[in-house]
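Q: I have a sequence and a model open side by side. How do I start reading them?

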Amino acid sequence: MKCKVCHTMISNSKSECSICGFPYKENIRSSSESEKAAIVYRHQKLANVSIGVITYDYIIENEEVRLESEKQTVIANGNDLEYNRIVWCDKDYKNLPDGVVNVCVFVKKGAFNVRTYNMEVDTSTFKDHARIGVFIDEGLTARFIVGTPDKRIMTDRVSLI
Ligand SMILES: [Zn+2]
């Protein structure tokens, strides 16, 4: 059986889900109230969570490449995420370099807890331009999608909690 909140397989030897802590007795109850309780619980877990991408601007100065600025762009807040739906960032990244590029993403909880992840993305899959999307996966994790609707790659999971 899968946890109603985080979609992880759960066992009946535990009184709560080992990933998200949703009570086992709520998970085995089949009622619309327990479904609602699961949604409320997930929204509480993902309150104050935002997910996005970090972009860097470089300048060349005295023949040296120097980082000029770093910008965080939020793609989604935790409560915007629903299972089986990708939330896409508005920005279309154009003129991508050929080959493997680093995409830096972040998961932020509250104002100060920020985790960043570097992901290698092979641009030869989609060429020229790409967008970045995110969706919620099992275990209250996020996966990022980079590319276009028909040609895209999916990243590993990053924890949202
Ligand atoms: Zn769970």
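A: Start with the glycine in a hairpin, since a turn is easy to find by eye. This is a predicted model. Strands β8 and β9 pair antiparallel over three bridges, and four residues form the hairpin that joins β8 to β9.

Q: What is the bridge partner of isoleucine 145 in β9?

A: Pick the residue, then look across to the paired strand. Isoleucine 145 has methionine 154 as its partner in β9. Strand β9 covers residues 152–154.

Q: With which other strands does β8 pair?

A: Check each side of a strand in turn. Strand β7 (residues 129–137) is antiparallel to β8 (residues 141–147), with seven bridges between them. Strand β10 (residues 158–159) also pairs with β8 in the antiparallel sense, over two bridges.

Q: Which residues mark these pairings?

A: One bridge is enough to fix the register by eye. Arginine 131 has glycine 147 in β8 as its bridge partner. Toward β10, threonine 141 stands opposite serine 159.

Q: Where does a positive phi occur in the hairpin of β7 and β8?

A: Look at the residues between the two strands. There are three of them in this hairpin. Glycine 139 has a positive phi near 80°.

Q: Which residue in the loop between β7 and β8 has a positive phi although it is not a glycine?

A: Move on along the loop. Leucine 140 lies between β7 and β8. Its phi is positive, about 50°, although leucine 140 is not a glycine.

Q: Is leucine 140 buried or exposed?

A: Count neighbours around the residue. Leucine 140 is buried, because 24 C-beta neighbours lie inside 10 Å.

Q: Where is glutamate 63, and what is its phi?

A: Go to another loop and ask the question again. Glutamate 63 sits in the loop between β1 and β2. It is not a glycine, yet its phi is positive, about 65°.

Q: Is glutamate 63 buried or exposed?

A: Use the neighbour count once more. Glutamate 63 is exposed, because it has 5 other C-beta atoms within 10 Å.

Q: What is the order of strands in the open sheet of four strands?

A: Read a sheet from one side to the other, not along the sequence. Here the order is β2-β1-β5-β6, and the pairing is antiparallel. The edge strands are β2 (64–77) and β6, and each pairs on one side only. On average, neighbouring strands of this sheet are turned by 30° against each other, direction ignored.

Q: How many bridges join β1 to β5, and β5 to β6?

A: Take the pairs one by one. Strand β1 (residues 49–61) and strand β5 (residues 100–109) are antiparallel, with six bridges. Between β5 and β6 (residues 113–122) there are ten bridges, again antiparallel.

Q: Which residues does lysine 109 of β5 face?

A: Follow the residue to each neighbouring strand. Valine 49 stands opposite lysine 109 in β5. In β6, asparagine 113 is the bridge partner of lysine 109.

Q: Which glycine has a positive phi in the hairpin of β5 and β6?

A: Look between the strands again. Three residues lie there, and glycine 110 takes a positive phi near 70°.

Q: How many helices and strands does the chain have, and in what sequence do they come?

A: Now step back to the whole chain. It has two helices and ten strands. From the N terminus, the elements run α-α-β-β-β-β-β-β-β-β-β-β.

Q: Which domains does the domain assignment give?

A: Read the bounds, then find them on the model. The assignment gives domain 1 as 1–45 and domain 2 as 49–159. Their centres, taken over C-alpha atoms, are 29 Å apart. Seven residues from domain 1 and five residues from domain 2 take part in the contact. On the side of domain 1 that touches domain 2, three residues are nonpolar, three are polar and one is charged.

Q: What does the C-alpha trace span, and what share of residues is buried?

A: End with totals for the chain. The C-alpha trace spans about 65 × 35 × 25 Å along its principal axes. Of the 161 residues, 24% are buried. Among contacts between residues at least 6 apart in sequence, 49% join residues at least 24 apart.

Terms used:
Residues are numbered from 1 along each chain as its sequence is written. This is a predicted model: local features need pLDDT of at least 70, side-chain atom pairs count only at pLDDT 80 or more; totals for chains, interfaces and linings use all residues. Two strands pair if DSSP finds at least two bridges between them. Domain bounds come from an automatic or database domain assignment. Two residues are in contact if their C-beta atoms, placed from the backbone, lie within 7 Å. Ala, Val, Leu, Ile, Met, Phe, Trp, Tyr, Cys and Pro count as nonpolar, Asp, Glu, Lys and Arg as charged, and the others, Gly among them, as polar. A residue is buried if 20 or more other C-beta atoms lie within 10 Å of its own, exposed if 12 or fewer, and partly exposed in between; C-beta atoms are placed from the backbone. Axes are lines fitted to C-alpha atoms, for helices over the stretch in contact, and angles run from 0 to 180 degrees between N-to-C directions.
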